[in-house]
Amino acid sequence: MKLPYGISHFGELRREGYDYVDKTPYIRLLEDDDVGGRFLVLFRPRRFGKTLLVTMLDRYYDLARAHLFDSLFSGLDIGEHPTAGKNRYLTLSFGFDGLKSDRGTGALDADFAMRVRNGIQEFFLKYWKRLPEITRRWDSAPSVVKPAARLRAFLELVSEAPHPLYLFVDAYDAFAQDLMTQGDAAGFERLCCGRGLAGEFYREIVRGVRDGTVARCFITGMCPVGLQSLLDEPSRFKDISGEEAFAGIAGFKRRAVEQLVEAVVAEAGLDFAPGRLLEVITRDHDGYRFSDGQAEAVFHPDMVVYFLAGLEPPDVFPDQIFDLNLHTDATRFKRILRAEGGARQAVLDVVGEVLVHGAPEGRLLPKIDPENLLTRETVPTLLYHMGITTRAGRDGRLTIPNGAVRQLFWEAFADLVQGSLPRPISVSHLFRAAQVAAYEGDVAPLFRVIGAELLQQVLWADGMGTLPVPLDQRHLTLILRAFLALADVFRPFVALRPEWLKACVGVPVLVLAPGAGYADARHGIVMYVSFLSDGQATLDAREQALARGEDWLRTGLSHPMLDTIDLEGGWLPFSVAVDGDGGLYYRAPGAETNAVRP
């Protein structure tokens, strides 16, 4: 089979024989005015299949490509049962994916204008034989630079065409995403709202809808903020993003993933059982819900294809849990963590809720005020549109969709702490020490790196006031968990079993299980972590803390949830005490105490 990794254009995918998860049944729903409509907007996270969907719709409705219908749609649902709209429209497509705001205002304006110019130019290259007079008049008309004015002039001409116009806009807000995650309300307002560059352009689309020149329109994007003013007014546009009927229009449903897994295992010579692979993919890449009543979650399509394409015979997992194409999203998330002033605390509060409780406390907001992009109330909703949180129920509650995103939270938190330290922690040192612990059962190197490198710098940063969180028992446990997750050998148990958080509420325990790429590791680690501030760091207090940890380990290790991880060498339990002077003390239940001192 040919997995379409990195392929987002329907024509190329079908022409080159790549496998395709059929989304054509949704065409009938889109055309049904009671379910879909003529003027539609769809919001989904990046890399979630929007461009593939738009290019599929464009190829289906484009009358210039009627001769290609069989080659593009044969074997698909709509190929067997086409609608009356098949190859009936002139299609005009604009795609803004890849536009960025980090090169300055002038460069962005020029790039946006070029995309608009290219979209219109492609239209006339397709239809000049069908529309010779309109094409001649366009070519002889004075050149128009501004995108909104160019589109207005185009629509005025095409209103005379003998065929209806279907207008597609893909990734309408691609260039605004950096501004949103930076909390740059002024920049966002200048580009996207009111008389802004993009705002005027989209108002021309609405004008074309109202006067009947645009017969149908389909717009995709990540977040509704830039279109809120248009959606609020009676512009005929319908947002189908939260409609249950369209929950699976982008993304993969479980049955499609099962079929892909079975085909990959059969054809690639893998020793994995399909059920094992499906378990890993479900844990790390499933869980997205976009409507209140959505019964079945959907998988992240790009991540599923990345994972399956990265498998190597006989039993090797991909090196990274994240597709490199999604590092942009991770970078944007980490940028949010570096917000300034009150926004910074708002973001840290939300991240802390996720790391401690497994989900943010905020609810999904129907709107985000462009002038207040990063507040305690808006951050969970912004993360929802980035694909970092998802719906948890009918009351607007949000949660983390899967293990890959939980891992992203740990990495982002570690990156934030790393930036506050006098010098970077060596991840390679952590990695080598974690390997020794996981495969040989020797934890001494790991505790030496934690005590001699990580803790010393964390204590220094706390003393200098640069640490982004107060250093107490809870936050020390979070810091240890985050940095050990960076080492890749181990993943926090809560990333594998999120329900573990409820099983140990208020208990400073750190459980590390081998990551997916280290399935042959023999050991996992369970640490009960106690932190003794300067005034508590007496010998008696330390012994009491270590004994308290031993007591919990004797009972906690019998929790049935730990039995769900198959470890040949079992769990390695340790009670750990850290004092404010930088001393680290650890021991297994009933064993002697080991020390790592500054």
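## Helix H22

Of the 14 residues of H22, 11 are buried (under 20% relative accessible area, 1.4 Å probe, protein chains only), so the helix is mostly covered. The model is predicted, with local features requiring pLDDT of at least 70 and side-chain atom pairs pLDDT 80 or more, whereas totals for chains, interfaces and linings use all residues. Residues are numbered from 1 along each chain, and side-chain values use heavy atoms, without hydrogens or water.

H22 (a DSSP run of H or I, at least four residues) covers residues 473-486 and reaches 20 Å from its first C-alpha to its last, close to the expected 20 Å (1.5 Å times one less than the number of residues). Its buried residues include His475, Thr477 and Arg481. Asp488, which follows H22, has a positive phi near 80 degrees.

## Nonpolar cores

The largest nonpolar core (buried Ala, Val, Leu, Ile, Met, Phe, Trp, Tyr and Cys joined through side-chain atoms within 4.5 Å) has 186 residues, and Phe154 and Phe218 have the most contacts inside it. Helix H19 (residues 403-418) gives the largest share, 10 residues.

Leaving aside residues up to four places away in sequence, Phe154 touches (heavy atoms within 4.5 Å) Leu92, Ile120, Phe123, Phe124, Trp138 and Leu165. A second, separate core of 23 residues includes Leu270 and Phe317.

## Packing of H17 and H19

The axes of H17 (residues 341-357) and H19 come within 11 Å and cross at roughly 135 degrees. H17 is therefore oblique to H19. Among the contacting residues are Arg344 and Leu348 of H17, and Phe409 and Trp410 of H19.

Definitions and conventions: Buried means under 20% relative accessible area, exposed over 50%, partly exposed in between (1.4 Å probe, protein chains only). Helices (H or I, at least four residues) and strands (E, at least two) are DSSP runs, numbered from the N terminus. Axes are lines fitted to C-alpha atoms, for helices over the stretch in contact, and angles run from 0 to 180 degrees between N-to-C directions. Angles under 35 degrees count as roughly parallel, over 145 as roughly antiparallel, 65 to 115 as roughly perpendicular and the rest as oblique.
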